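I opened this model to look up two things: how the chains meet, and where the salt bridges sit. My notes follow.

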Number of protein chains: 2
Amino acid sequence: MNILKLEMLSKEAFAPFGEVIEIEGSDWHPINGGTTRRYHHLAPIDAGPEGGRPGISMARGQAFSYPVFVSMLERHPAGSQAWIPCTQTAFLVVVAPNGPDGRPDETGLRAFRASGSQGVNYRAGTWHHPLTTLDRQGDFIIVDRVDGAPNCDEADLRATYLIDGSLKGA
Amino acid sequence: MNILKLEMLSKEAFAPFGEVIEIEGSDWHPINGGTTRRYHHLAPIDAGPEGGRPGISMARGQAFSYPVFVSMLERHPAGSQAWIPCTQTAFLVVVAPNGPDGRPDETGLRAFRASGSQGVNYRAGTWHHPLTTLDRQGDFIIVDRVDGAPNCDEADLRATYLIDGSLKGA
């Protein structure tokens with residue numbers, strides 16, 4: 001069995017795949033007469049080159065516990081997709097680069113643990129695993145295209161990977 | 001002193017001003033092999049007619065306690081603006097219709113109490129009060145234009161209104 005070790009999610013580590021949406025470590029400026037800090041433009045919204053229509057949706061994900069098995073990934077070729085927890089629920093973020101054959105490059109497969117105060121924005125075309133909420137049910141904000149154009153590819157991986165909760169390098 | 005009584009926030013009551021973003025009472029369909037419920041397209045993202053660029057930002061709002069005084073409103077004429085709590089923090093949503101003079105119509109001023117599991121999306125041009133988080137500091141997701149085009153009008157009200165936390169009709 002292939003064990004996939006976890007990394008803690010950070011903007012730098014996730015940069016090849018998209019943006020981490022979080023207050024920690026982000027710049028801000030005061031608004032509303034100084035009563036609010038605005039952490040401006042943490043992630044772009046990409047609705048595709050052909051004028052797709054973005055919208056705000058929500059999701060409720062069921063709880064998963066270790067061990068988590070990863071055997072497929074999906075991608076949205078025609079736009080970005082953001083997942084941001086609104087119940088402070090931790091979740092797994094499993095991503096892979098695109099291979100020369102247009103499938104996930106499993107040699108570059110990475111698994112991050114997002115804390116309940118971190119969201120992610122998958123860049124258009126980023127291979128990623130469906131929502132995997134840790135330990136308890138979680139509610140999320142989704143920002144992506146809502147116009148109904150075909151925008152989801154799925155790929156079965158050549159192997160199955162097991163995430164047992166252990167950290168890379170630990 | 002003008003007392004402004006609170007209403008509980010609901011999609012129906014807020015419809016003249018924008019959308020309520022919440023799971024409660026919203027339709028869903030299963031995704032991710034049935035492990036996730038998607039509450040699709042709860043709010044549109046309006047980046048203006050001239051091709052503005054929307055993005056995802058965050059905000060941290062300081063705590064307010066009753067009595068809250070309302071003496072000004074603002075609006076974003078060139079795009080929608082969503083505020084969605086990610087720390088389950090209740091907040092006030094104070095809005096007014098646009099008057100014939102292009103200023104807030106204070107006879108239509110309304111104040112809603114949003115629960116910590118409700119967000120709002122102000123339609124372009126909706127007069128609203130800046131973020132007023134109740135009782136404790138709160139973190140929010142903002143979805144609005146991030147391209148820097150002028151997009152904020154402010155208006156001082158003719159009177160000051162006091163919100164003491166009492167409910168309309170109570």
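**Entry 1: the interface**

I began with polar contacts across the interface of chain A and chain B, and the rule finds 16 residue pairs, both residues at pLDDT 80 or more. A polar contact here is a pair of N or O atoms within 3.5 Å; within protein, one must be able to donate a hydrogen and the other to accept it, and residues adjacent in sequence count only if both atoms are side-chain atoms.

I then listed the elements that give two or more residues to the side of chain A that touches chain B: β5 (36-44), β6 (54-61), β9 (81-85) and β15 (138-145) of chain A. Strands are DSSP runs of E with at least two residues, numbered from the N terminus. With 9 residues, β5(A) gives the most to that side of chain A. By class, the residues on the side of chain A that touches chain B are 24 nonpolar, 13 polar and 9 charged. The classes are fixed by residue type: Ala, Val, Leu, Ile, Met, Phe, Trp, Tyr, Cys and Pro are nonpolar, Asp, Glu, Lys and Arg charged, and the others, Gly among them, polar.

A note on the basis: this is a predicted model, local features need pLDDT of at least 70, side-chain atom pairs count only at pLDDT 80 or more, and totals for chains, interfaces and linings use all residues. Residues are numbered from 1 along each chain as its sequence is written, chains are lettered from A and ligands numbered from 1 in the order in which they are written, and side-chain values use heavy atoms, with hydrogens and water left out.

For the extent of the interface, I found 46 residues of chain A in contact with 46 residues of chain B, contact meaning heavy atoms within 4.5 Å. The two chains bury about 3,600 Å² between them, 60% of it on carbon and sulfur atoms. I56(A), M58(A) and R60(A) supply 19% of the area that chain A buries against chain B, more than any other three residues. Buried area is the accessible area (1.4 Å probe) that two parts lose on being put together, summed over both.

**Entry 2: strands across the interface, and R38**

I checked what β5(A) pairs with in the other chain. It runs antiparallel to strand β6 (residues 54-61) of chain B, joined by 6 bridges; two strands pair if DSSP finds at least two bridges between them. Within this pairing, R38(A) has A59(B) as its bridge partner.

Next I looked at R38(B), which is in strand β5 (residues 36-44) of chain B. Is R38(B) buried or exposed? R38(B) is buried, at a relative accessible area of 8%. The cut-offs are under 20% for buried and over 50% for exposed, with partly exposed in between (1.4 Å probe, protein chains only).

Leaving out residues up to four places away in sequence, R38(B) touches residues of both chains, including M58(A), A59(A), I142(A), W28(B) and H29(B). The side chains of R38(B) and D144(A) form a salt bridge (2.8 Å, N to O). The rule finds 2 salt bridges across this interface; it asks for a side-chain nitrogen of Lys or Arg within 4 Å of a carboxyl oxygen of Asp or Glu.

**Entry 3: salt bridges within the chains**

Over all chains I count 18 salt bridges. One of them joins E7(A) to R110(A), with the closest N and O atoms 2.9 Å apart. E7(A) lies in strand β2 and R110(A) in strand β11 of chain A, so the pair ties together parts that are 103 residues apart in sequence. E7(A) is buried at 14% relative accessibility, while R110(A) is partly exposed at 23%. A network of salt bridges links E7(A), R110(A) and K168(A).

The strands that hold this pair are themselves paired: β2 (residues 6-8) and β11 (residues 110-114) of chain A are parallel over 3 bridges. L6(A) stands opposite A111(A) there. Strand β10 (residues 91-96) of chain A joins β11(A) in the antiparallel sense through 5 bridges, and V94(A) has A111(A) as its bridge partner.

In chain B, E7(B) forms a salt bridge with R110(B), also at 2.9 Å between the closest N and O atoms. E7(B) counts as buried at 14%, and R110(B) as partly exposed at 22%.

My last lookup was D101(A) with R158(A), a salt bridge at 3.0 Å, N to O. D101(A) is in the loop between β10 and β11, and R158(A) is in strand β16 (residues 153-163), 57 residues apart. D101(A) is partly exposed at 48%, and R158(A) is exposed at 62%.

How values were computed:
Helices (H or I, at least four residues) and strands (E, at least two) are DSSP runs, numbered from the N terminus.
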